[in-house]
Amino acid sequence: MSSPMQILIAVSGEKTLLDQTLSSIQKSIKPDTYKSTIVVENGQKFDAEAVSRKYKNALNTHYLFFPRGNKSAALNFGITQLCNPEDFIFFTDDDAFLEEQTLVSYEKKREALGRRYFFGGETKVLYEKPPPTWLTPILPPSARGWEPSKSNNDYTLRPRFLGFNWAAYAGDIQALGLFNENLGPGTKPKRTGQEWNMQERMLHAGFKAVFVENALVTHHVPKEKSSFQWFLKRRFQDGFGRGLSFVEEHGKKRFPTELVKFLLKALVMFPFNLLSFSKRNIAKGLGDTQAGLGRIKGYLTAYFSR
């Protein structure tokens with residue numbers, strides 16, 4: 001039989017959908033290897049412990065509290081405290097809902113392949129307030145959903161699996177140094193992409209990415225994350241994190257010509273997007289410019305602080 005499967009959820013904030021998330025896990029079909037669901041509340045204590053206790057019998061939930069409000073650190077705490085190296089960990093969030101076949105689909109896929117792989121599935125979104133139709137296609141995958149392209153499986157070459165629907169072995173994540181605690185919710189200044197950073201490190205280490213069919217997870221998107229203002233802010237944050245990470249990974253010796261090229265391209269393309277009289281193209285141009293400015297600021301921030 002395969003090694004145990006555990007579910008790991010980092011929870012933060014007073015208003016979460018943890019109860020609905022755990023309810024969806026309870027209703028899903030669990031493989032024989034299912035062991036438990038670990039909930040790590042981080043930052044402040046609200047009601048996550050009481051909600052977790054509600055599902056103790058059905059899901060064998062384990063509640064942990066981590067005092068620092070940092071998602072990556074909370075995930076690392078859960079892995080090191082309650083996971084063995086051979087445990088297969090399914091990562092999801094407190095605002096995501098599993099379909100009935102999700103967990104058993106992951107189990108079948110990993111049992112057929114074994115180690116040296118990490119896994120991810122399709123995501124859809126449930127909008128609290130739908131965004132304008134012209135904005136939806138350029139929102140980040142977490143706010144519009146994701147599935148592999150039928151013509152190009154680029155997830156095998158670059159990180160694509162979202163943080164609320166992917167899985168890997170605990171020992172593999174530990175061997176790579178755990179999640180980068182300078183990335184993800186709770187970082188100041190705010191930076192995104194802790195799961196993609198880990199997946200990128202896994203790809204560089206020779207692991208292969210595998211898409212899991214019939215493993216759908218639906219992500220709740222609050223109304224503030226389906227607006228044009230949030231889109232621009234998020235693009236800047238994404239760029240800022242990339243700029244910071246560049247200096248952390250390469251040091252000061254290598255000038256980031258690709259960051260400058262990205263910004264110049266965004267600035268050059270923006271007039272063409274503007275002349276297209278398309279809201280989508282104009283918004284995309286503004287987003288690319290924000291991302292380029294964020295990259296430059298992130299690079300300069302890290303460069304002069306080291």
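**Exercise 1.** In what order do the eight strands of the open sheet stand?

*Solution.* The model is predicted: local features need pLDDT of at least 70 and side-chain atom pairs pLDDT 80 or more, while totals for chains, interfaces and linings use all residues. Residues are numbered from 1 along each chain as its sequence is written, and side-chain values use heavy atoms, without hydrogens or water.

Step 1. Strands are DSSP runs of E with at least two residues, helices runs of H or I with at least four, numbered from the N terminus; two strands pair if DSSP finds at least two bridges between them.

Step 2. The order is E3-E2-E1-E4-E7-E6-E8-E5, with mixed pairing.

Step 3. E3 (61-66) and E5 (96-98) are the edge strands; each has a single partner strand, so one side of each lacks a neighbour in the sheet.

**Exercise 2.** Describe how E2 is joined to E3.

*Solution.* E2 (residues 34-42) runs parallel to E3, and six bridges join them. Within E3, Thr 61 stands opposite Thr 37.

**Exercise 3.** Which strands does helix H7 touch?

*Solution.* With contact meaning heavy atoms within 4.5 Å, H7 (residues 194-204) packs on the sheet against E6 (117-127), E7 (166-169) and E8 (208-221).

**Exercise 4.** Identify the residues with the most contacts inside the largest nonpolar core.

*Solution.* Step 1. Such a core joins buried Ala, Val, Leu, Ile, Met, Phe, Trp, Tyr and Cys residues through side-chain atoms within 4.5 Å, buried meaning under 20% relative accessible area (1.4 Å probe, protein chains only).

Step 2. The largest core has 58 residues, and Ile 79, Phe 91, Tyr 106, Phe 118, Trp 166 and Ile 173 have the most contacts inside it.

Step 3. A second, separate core of nine residues includes Ile 138, Leu 139, Trp 230 and Ala 283.

Conventions. Axes are lines fitted to C-alpha atoms, for helices over the stretch in contact, and angles run from 0 to 180 degrees between N-to-C directions. Buried means under 20% relative accessible area, exposed over 50%, partly exposed in between (1.4 Å probe, protein chains only).
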